Amino acid sequence: MTVMTYAEAGKAALAGEMRRDATVWALGEDLGRGGVFGQYAGLEEEFGPERIVSTPISEAAIMGSAVGAALAGTRPVVELRFADFALCAVDEMVNQAAKARYMFGGQAKVPLVIRQPSGMWRSSAAQHSQSLEAWYAHIPGFVVIAPSTPADNHGLLRAAIRCDDPVVYMEHKNLWGLEGEVSDGNEVEIGKAAIVREGGDATLVTWSAQRLVVEAAAAMAAEQGIEAEVIDLRSLWPWDKDTVLASVEKTGRLLVAHEAVQVGGFGAEVAATVAEELTGALKAPIRRLGAPRIPIPYAPLLEDTVRISADDIVRALEEMTR
């Protein structure tokens, strides 16, 4: 086991796959200089500018090149700097990468990873702070992943690179410096949730950086005698329905908490599935916690009003378990 940051774990995963498979390469703006968060630092020195490719500032060109290269037999890893900037490449992503295998009757595949640093980070404001995972979960053809720990970032990025479908890979910007233990042969299955904490009073479902907040809330609730089971989905598509349903069948209560806007968020998919499958098992109405439908403010005090806090989660648990 090695202690790594979240950013270092992702870099180690990419480097390991590039050493293993000569068809794996990365492209994006300023990768030769290490990338905007340092998650590519040193890789150009090892693999050269032909495999760590610094591109012009055009997300559409980056994605178009990667889609074509994937169709031609390579495994590109695309770096889009911020999830917000991916919106400049939506046609190439949604109308080409996500649909190619289906439209060619399975004769072609697009083994492509689209890294999108997402979420709120140090007053980055409305154009650099969005959490858009629900958009991509809605699009047939995409795999959608949102790791929350260094070990998961390492194992899931390896799995994403080996996947034969296009993967939208959403790394939370606020996690880059998070440290944790990572094993050399770390394997994480796409579509398998992690039970972070066991409990019998309520099920808490989350993903990405919100996991840390939910864990803190569960510890606070335990001091009040409420034992919540915490589930980190890790993958939003496919998502681990079986683990969530088994937990809610045991606890009888479900609270979904995510950083993204609550309206149309992926929490609604989780809530609806549980409501359809386990109506008779529920002891309380299903609850969701997500951001209000407003742009992310720049001012730290206003930004904090958008965040779902541990206190918010504990209050919801108290109401559900009365």
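**Getting to know a predicted chain and its helix H12**

Q: In this predicted model, what share of contacts between residues at least 6 apart in sequence join residues at least 24 apart?
A: Let's begin with how the chain folds back on itself. Contact here means heavy atoms within 4.5 Å. Counting the contacts between residues at least 6 apart in sequence, the share that join residues at least 24 apart is 83%.

Q: What radius of gyration does the chain have, next to that of a compact globule?
A: The chain has 322 residues, and a compact globule of that length would have a radius of gyration near 20 Å. The C-alpha atoms fill a box of roughly 60 × 45 × 40 Å along the principal axes. The chain agrees with the globule value, at 20 Å.

Q: What percentage of the residues in the chain are buried?
A: The chain holds twelve helices and 14 strands. A residue counts as buried when its relative accessible area is under 20%. Of the 322 residues, the buried part is 56%.

Q: Within what arc do the buried residues of H12 fall?
A: Helix H12 covers residues 310-321 and reaches 17 Å between its first and last C-alpha, close to the expected 16 Å. Its buried residues are Ala310, Ile313, Val314, Ala316, Leu317 and Met320. They line one face of the helix, because seen down the axis they fall within an arc of 160°.

Q: Which helix is among the elements that cover the buried residues of H12?
A: The cover includes strands S10 (202-206), S11 (228-232), S13 (254-261) and S14 (287-291). Alongside these strands, the cover also includes a helix, residues 210-223, and that is H8.

How values were computed
Residues are numbered from 1 along each chain as its sequence is written. This is a predicted model: local features need pLDDT of at least 70, side-chain atom pairs count only at pLDDT 80 or more; totals for chains, interfaces and linings use all residues. Side-chain values use heavy atoms; hydrogens and water are left out. Helices (H or I, at least four residues) and strands (E, at least two) are DSSP runs, numbered from the N terminus. The expected span of a helix is 1.5 Å times one less than its number of residues. Buried means under 20% relative accessible area, exposed over 50%, partly exposed in between (1.4 Å probe, protein chains only). The arc is that of the directions from the helix axis to the C-beta atoms. The radius of gyration is taken over C-alpha atoms; the globule rule is 2.2 Å times the number of residues to the power 0.38.
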